[in-house]
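User: Please take a close look at one loop position in this one, then walk me through the secondary structure. Keep it relaxed, but spell out the cut-offs.

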Amino acid sequence: MKQRQALWGFHGLRACSAPALPAGCITALQAVDFWTKQFEGKGVTEPELSSRYIIAYLLGAKTIESLEQQRLKEFLSREETDQLWQLCTQRLSRMPVQYVIGEWDFRDLTLKMRPPVFIPRPETEELVEVVLTDLQRLCGSGATVLEVGCGSGAISVSLLKSLPQLKAFALDQSQEAVDLTRENALRYGVQDRLQVHNIDVVKDADALLGLCGSVAVLVSNPPYLFSQDMTTLQPEILRFEDHAALDGGKDGLNVIKQILTLAPRILPNQGRVYLEVDPRHPPLIQQWVEGNGKSLQYIETRSDICGRPRFCILQNEAPKPDQD
């Protein structure tokens, strides 16, 4: 994972009083200190990281550490200062840094970001690693993958970039997400191997089934928050990110159950489902599959880097034809 993995942050830009522009000149280091204090005073999460990332972006770098000390001690131009004040004022409104600077790192990619499209979290990088390992071991690189809930395209674009023979379908209920996925696919030259569609998997099951036929793998980071947990989210999430990409219903399983219901009709025998879920979900999903999954079998639960049960792997075990 890259250095930009903090700032988990969290619908709309709210007016906030920005500090006046400095009368004189200011260096990059002075600007970091100034805006850190401003963010602290307004209760903005991770104030120093926020100021450092924004100022690094302004100066054409990913991190402050990658800039030469001499550049950090030089005075910012008036144009740079004006732009910095605009960007930091957005952060002051609690807009996530990822949206403020319009991009964010995911594995070895730098993806375009804009509200309200869901911002990929570090755990999803781990999900991609799990899927990549199994794809190479079980299917080879020429398989076809279906991603449900593509958001910025992080999963699909990352998989396609890593496996040059892979093809993918990506779906999202949000047209904004579909558009952003297409832009990120174009950025990394994988657009010819990726079909992106504006489909709500819950409302448009027939459209999904008629679209992609048989795929080797279904992968999803679906909305999985319990509805009651939505009220506890930080302002960065509540004000700016698409709630439909977060809220999974009363038990967080609304979309997950739909995915698992459709999976046996999409996957071939031994085709797999990979899900990123809430740590409370694996036993609930296993129980549900045992009662409702038909040919779907629960294979295993894998933990994220923090040791939380985060990823569910299931496999389609189509019944063998009767032998005469």
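Analyst: **One loop position, then the wider fold**

Alanine 244 sits in the loop between helix H10 (235-240) and helix H11 (254-266); helices (H or I, at least four residues) and strands (E, at least two) are DSSP runs numbered from the N terminus. Bear in mind that this is a predicted model, where local features need pLDDT of at least 70, side-chain atom pairs count only at pLDDT 80 or more, and totals for chains, interfaces and linings use all residues. Residues are numbered from 1 along each chain as its sequence is written, and side-chain values use heavy atoms, with hydrogens and water left out.

Alanine 244 counts as partly exposed because its relative accessibility is 38% (buried is under 20% relative accessible area, exposed over 50%, partly exposed in between, with a 1.4 Å probe and protein chains only). Leaving aside neighbours within four places in sequence, alanine 244 is in contact with Gln173 and Pro223, contact meaning heavy atoms within 4.5 Å. Its C-alpha is 16 Å from that of arginine 121, which is 123 residues away along the chain.

Now the sheet. Seven strands make an open sheet with mixed pairing, in the order E5-E4-E3-E6-E7-E9-E8; two strands pair if DSSP finds at least two bridges between them. Strand E5 (194-198) and strand E8 (296-303) are at the edges with a single partner strand each, so one side of each lacks a neighbour in the sheet. From one strand to the next, the twist averages 15°. E5 runs parallel to strand E4 (residues 167-172), and five bridges join them; alanine 170 has valine 196 of E5 as its bridge partner.

Helix H9 (residues 205-212) lies across strand E3 (144-148), E4 and E5, at about 170° to E4. Helix H12 (residues 281-292) also packs on the sheet, touching E8 and strand E9 (309-316), with its direction at about 170° to that of E8. For these angles, axes are lines fitted to C-alpha atoms (for helices, over the stretch in contact), and values run from 0 to 180 degrees between N-to-C directions.

As for helix H1 (residues 28-41), Ala28, Ala31, Val32, Trp35, Thr36 and Phe39 are buried. They fall on the same side of H1 because they cover an arc of only 130° around the axis, taken from the directions from the helix axis to the C-beta atoms. Lys37 and Gly41, on the other side of H1, are exposed. The buried residues of H1 pack against helix H2 (47-58), helix H3 (69-73) and helix H4 (78-92).
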